Structure formats: C-alpha cells, structure tokens
2 protein chains.
Amino acid sequence: MSPYPGEEASRPTMTAEANRGYANGRARQREILEKAVALFGESGYRGTSLREIAARCGVSHPGLKYHFPTKEALLLAVLEQRDEDDSARMAADDPVGVEGLRRLVEIAALNADRRVVVDLFTSLAAEATTPDHPAHTFFAERYRKVIAATTAAYEHAREQGHLVAGVDPATAARQLLALMDGLQVQWLYDPATDMAGTLRAHIQRQLTVPL
Amino acid sequence: MSPYPGEEASRPTMTAEANRGYANGRARQREILEKAVALFGESGYRGTSLREIAARCGVSHPGLKYHFPTKEALLLAVLEQRDEDDSARMAADDPVGVEGLRRLVEIAALNADRRVVVDLFTSLAAEATTPDHPAHTFFAERYRKVIAATTAAYEHAREQGHLVAGVDPATAARQLLALMDGLQVQWLYDPATDMAGTLRAHIQRQLTVPL
DNA sequence: CCTACCGATCGGTAGG
DNA sequence: CCTACCGATCGGTAGG
C-alpha cells in the first residue's frame, strides 16, 4: 500500500541483511520527514527545495527521491505523519464536553515548545488555500473534521449544563479554532504571546464550571 | 523620497509630454500593484514570479523592473498601499471604545467581498514569520500596532462601563485579532463561513451594551 | 543510494 | 519601456 519503494518492494524476499537495510531505510525516512517538517515550516512548500532537504540529511537529492518519489508525495507524508502524532497526543479518540475543550488548551500549551510544528501548519494552511495546491484537500478536510468534533464537544457541554446560556456550539467551535490559528501566528511573531492562557480565558467565559 | 525611477526622476524637467508620460506611468504602477496583490495572494511572495506579474500587465519583466527595481520593493509597495487603503477605510484615525470594535466587524464584513486582499494578508503573514523574510518587519510592526490600538478600544469601553466584568483589555485585544485572522483562513477554505457574524457574537458576549 | 544530465524557470543586468 | 543575455536553481530522469 505504501507508495514508496524500498519499503514493500523488498518485503517478499526479505533476508536478514535485507531486513537490516529495511530498518535503515525506515530510519532514513524518519530523518527525511523530520528535516522536511522544519524546512516546509520555515519556508513553506513552494519555498523549500528537495536539494535543501536532501543536504540536511546528508544525501543527494535523487537519493531523497528514492524514498519519496515526488516533492508532493513528501509533503503529504509529512502532513499525515504529523496528524498521526497529534491524534496519539489527544489520547482518547473523541474527547467529549468540557474535557474535550481542556484538551485543546493542553495542545496549545504543548505547541509552545514545538515551533517547527506550529510553523508547518501555519505556513502550509495559508499556502494551500488555493484549490490547486497539493495540500488543499488535506486542509479543507482537516478544518471540516476539527470543526465538527469541536462542535460536538460544545454540544455535549451544553447537555451537561456546563455551557453559559446563548452560546451556540457551532459558532463557538469556529471561534475556538480560529482563535487557536490566529494565536499561533501572533506567537510566531512574538514568542511572549500566551497561547494557552488566552485560549483558556476565552473558553472559561463560555462555561458555568471551572475549566 | 520614492525609490522608483520614472516617478521623481523626470519631475524636475517635466514638460506637457513628460507629464502625460508620468500620468501613464502612475496608471501602469497602479495596474502592476493590482496584479501583484492578486498573485502574491494566490501563490505567496516566494511562489510568484516577476514574469507572471509582468505578463498580466502586458509588459516584459524588465519593463516591470523599470517601475519597481526589485521584487522586494514591489512587495513592500503592495503592503504599504494596502495599509493606506485600509486606514482610509477606517475613516476616523483612532476609533475608540465600542465604536472601534464595531469598525473591526465592519472590516470583516467588507473583507467577504475582497478575497484577493484576504488572501494577500493571510498568505504573507504566514510566510513572513521567518525573520529574514522581506515582509517580516512589516507584519511584526503591524501586529504590535493593531494589538495596541484594539487594547485601547477595550480600555475605553471599560471606562464607559460597557465592558463585562472580568474582561481584560489586552487579552481581549489579542483574542479579537487572532479570531479575525483565523476566521479569514476558515473563510478561504469555506466561503460559507460568516466572518462578521462570528466576530460580532464574540464581541457581544464581552459587552454590556448592544454592539 | 550515486553521478550526470535534462529543460524550464528564476531574479537581475547590459545596452539601447 | 524593449531584446538578449547572465549564472543560479528548480524538480525530475537516465543509468547504473
């Protein structure tokens, strides 16, 4: 299923030596993804060259293409890997109600130590608003899903009587996620920006219980 | 003062014909800026070539450089022009208190008909978080100024007794601007997003008077 | 994984 | 404003 050679291609006739080579290949792939995250975040997708990424990994640029056949494939691999990491970090698959909102504040707090990741999503989300950008569908889908999940969290909070009267779950969800995105940009320009605290203050004003 | 030749250079010895040429030059400059706004917004600064902009204006790319000596100069001219337009749109130089907050909602409403402008600021603000980007200082300064002005508006509202207890002006200002930025990204992905309405709902919850 | 190469495109300059 | 050019760099490919 993987679109990358050297991974599945050698699997059927795998010997001990091929297996070691396979493990090395995986490590190299992780290294490439790590460097790509940093560079796509710093300079965007369009502003980053495969040669730059390859150089940071100590390989030639066709060497990089041995692991990821095109620049676009590398981009999508980067985004999918980051999404998986974030999902793992969210622990529960569908945190619910006030607990779900608390999770978002925790993520904002964690992000203050992950500039490369914040840089990545901020840069690419803005770059990919054009429909023909290779990451456009990824982000359009991502916004749709995250807004839906956050709306559900607010709805659950309302059912529990934890929501201040007059707060509309769908509107509140869009506000919360817009706030997270906007605070990340402010924080990139001014690291003194308190992302988690500012977010917490916003949510607390919508709740009847302590966050 | 202008860094662009063909504008001041010919001024001292201006004849009727040179004057007409000068007027044509100004019109051409406006056209270049207009096309540059659209392309920088669609593809970012790094993703846009001078040849693309020039082609849309029907000139050669050295022809474009006759008006703007470098790509960077063109970028800064675009940003300065947009800032002037927005300042003019804000009418009063320093809208104050609740009236100042209302102005921000009005701008959000206007922006729903100015995709190119929203695209421009969203793309460039994200791209320019790197300190060596030519627009970095512009945006860092812009955030600083806009946050200060919005904080002042909230403080004025508080003095008038229009602010709900517990709303901190500085925090509220950062929230409001983050919300605007984040909603613009959501709106670029989903034009059904109600930027002005969502913003208005947020502010209304902080006020003791109707917005 | 490498070297060597491709055509395309970039921002900028020379010279008029 | 133009044509013609520069060196640099791009993503991708050939062939091993």
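So, DNA strand D: 17 residues surround it, and the closest are Ser49(A), Arg51(A), His61(A), Arg28(B) and Ser60(B). Here a residue is near a strand if one of its heavy atoms lies within 4 Å of it. Please keep in mind that this is a predicted model, where local features need pLDDT of at least 70, side-chain atom pairs count only at pLDDT 80 or more, and totals for chains, interfaces and linings use all residues. Residues are numbered from 1 along each chain as its sequence is written, chains are lettered from A and ligands numbered from 1 in written order, and side-chain values use heavy atoms, without hydrogens or water.

Which elements build the surface near strand D? α2 (50–57) and α3 (61–67) of chain A, plus α3 (61–67) of chain B, each supply at least two residues. α3(B) gives the most, with four. Helices are DSSP runs of H or I, at least four residues, and strands are runs of E, at least two, numbered from the N terminus.

By character, the surface has five nonpolar, seven polar and five charged residues; Asp, Glu, Lys and Arg count as charged, Ala, Val, Leu, Ile, Met, Phe, Trp, Tyr, Cys and Pro as nonpolar, and the others, Gly among them, as polar.

Now the DNA side. Of the strand D atoms within 4 Å of the protein, 48% belong to sugar or phosphate and the rest to bases. Phosphate oxygens of strand D lie 2.4 Å from a side-chain N or O atom of Ser60(B), 2.9 Å from one of Arg28(B) and 3.0 Å from one of Lys65(A).

Note on methods. Polar contact = N/O pair within 3.5 Å; in protein donor to acceptor, adjacent residues only side chain to side chain.
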